[in-house]
Amino acid sequence: YLYLNYNGLSGTIPSELGLLTVLRYLYLNDNGLSGTIPSEIGLLTVLIELRLENNNLSGTIPPEIGLLTNLSYLYLNYNGLSGTIPSELGLLTVLRYLYLNDNGLSGTIPSEIGLLTVLIELRLENNNLSGTIPPEIGLLTNLSYLYLNYN
């Protein structure tokens, strides 16, 4: 466990966090962190919960996040993330909560989202998403909450 949330931290997320390969919970939320999410985050393959919300992160969501196949909770909301939602998120087949809301994400919702069959809550509101809602959303039979407003 690494709980560093609500600490007023600034600067960037160090890529060396990728060396903590047995880490199961990483809470960096509600700080003043800036810069990008390092691709080395994909080395944390036993991670269950990743909380980076409420910071000043920018750049794109690294596709390496798809390597976190034990992840159940992913909170990247309330940042300044841009680019598209990576299709690699579809590899996170045990993911239950996905919060990408309140960023600057654009493009379409990837059809691979339909692979997240245990997902309970999907929050994509307050971005710049466009296009159609993929029919694969209908495969999410455990989904209780879906937020797509303000795109």
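Three salt bridges are counted in this predicted model. Side chains of opposite charge can pair when their charged atoms come close. One of these pairs is formed by the side chains of E49 and R51, for which the N to O distance is 3.9 Å, a value that falls within the 4 Å limit applied to such pairs. R51 also forms a salt bridge with E53, and here the closest N and O atoms are 2.4 Å apart. Taken together, E49, R51 and E53 are linked in a network of salt bridges. Within this network, E49 has a relative accessibility of 8% and therefore counts as buried, while E53 is likewise assigned as buried, with a relative accessible area of 4%.

A further salt bridge joins the side chains of R123 and E125, with an N to O distance of 2.3 Å. R123 has a relative accessible area of 19% and is classed as buried, because the class extends to values under 20%. Its partner E125 is also buried, at a relative accessible area of 4%.

The surroundings of E49 were then examined. E49 lies in strand β5, and, apart from the salt bridge with R51, the side chain of E49 takes part in a polar contact of 2.9 Å with the side chain of Y27. When residues up to four places away in sequence are not counted, E49 touches R24, Y25, L26 and Y27, together with L71, Y73 and Y75. Y27 thus appears both in this list of contacts and as the side-chain partner of E49 in the polar contact.

N55 provides a second site for description. This residue is found in the loop between β5 (49–51) and β6 (56–59), and at 6% relative accessibility N55 counts as buried, since a residue is placed in that class when its relative accessible area is under 20%. The side chain of N55 reaches the backbone oxygen of L52 at a distance of 3.0 Å. Leaving aside residues up to four places away in sequence, N55 touches L28, N29, D30, N31, G32 and L33, as well as Y78 and N79.

In summary, the salt-bridge network consisting of E49, R51 and E53 includes a residue of strand β5, E49, and the loop that follows β5 and leads to β6 contains the buried residue N55.

Terms used:
Residues numbered from 1 in each chain as written. Predicted model: local features only at pLDDT ≥ 70, side-chain atom pairs only at ≥ 80, totals over all residues. Heavy atoms only, no water. Buried < 20%, exposed > 50% of the residue type's maximum accessible area, 1.4 Å probe, protein only. Helix = DSSP H or I, 4+ residues; strand = E, 2+ residues; numbered from the N terminus. Polar contact = N/O pair within 3.5 Å; in protein donor to acceptor, adjacent residues only side chain to side chain. Contact = heavy atoms within 4.5 Å.
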